[in-house]
Amino acid sequence: MAKNTNSERQLERIKAMEAALDLSRDATDQLSEAIAAQVDALDSLRELSAYYGSQQWFQDCEADERGKLPEDLKRGVLSEDLAYEALVAARESALAALEVATAMLRAL
């Protein structure tokens, strides 16, 4: 009976480690894709950060308020809330990424 129990434990351990391997690889692949997407968006993030609250942004907001922009123009960037929330979310994501990276390195 002890032999069977050891074999069962061994099989369960291998199955558990195989599941850990699959989960780890999938998560790493997803993280790599997300990092690549963020790297591609960095220039846009920098541009948005420089634009939001700038003199140009205020001029564009004023033009919008005066009805000088086309009605069908997408203008979420002129909303204080949307631009601010996007920049705050990017910052929070960057901080979370640092925490995850540190935890990952400690786990290895």
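I looked first at the lining of the largest pocket in this predicted model, and by class I found 13 nonpolar, two polar and one charged residues there (Ala, Val, Leu, Ile, Met, Phe, Trp, Tyr, Cys and Pro count as nonpolar, Asp, Glu, Lys and Arg as charged, the others, Gly among them, as polar). About 420 Å³ of space lies in this pocket, and of its 16 lining residues Gln38, Ala90, Ser93, Ala94 and Ala97 are the closest to its centre. A pocket here is an open set of points on a 1 Å grid over the protein atoms alone, where a 1.4 Å probe fits, with protein on both sides within 12 Å along at least five of seven lines, and lining residues have an atom within 4 Å of a point; the volume is the space filled by probe spheres set on the points, which are joined across faces, edges and corners. Helix 3 (80-107) gives the most to the lining, with 10 residues (helices are DSSP runs of H or I, at least four residues, numbered from the N terminus).

I then turned to Trp57, which sits in helix 2 and is buried at a relative accessible area of 4% (buried means under 20%, with a 1.4 Å probe and protein chains only). Beyond its neighbours within four places in sequence, Trp57 is in contact with Tyr51, Tyr52, Val77, Leu78 and Glu80 (heavy atoms within 4.5 Å).

I noted that residues are numbered from 1 along each chain as its sequence is written. Local features need pLDDT of at least 70 and side-chain atom pairs 80 or more, while totals for chains, interfaces and linings use all residues, and side-chain values use heavy atoms, without hydrogens and water.

Key:
Helix = DSSP H or I, 4+ residues; strand = E, 2+ residues; numbered from the N terminus. Buried < 20%, exposed > 50% of the residue type's maximum accessible area, 1.4 Å probe, protein only.
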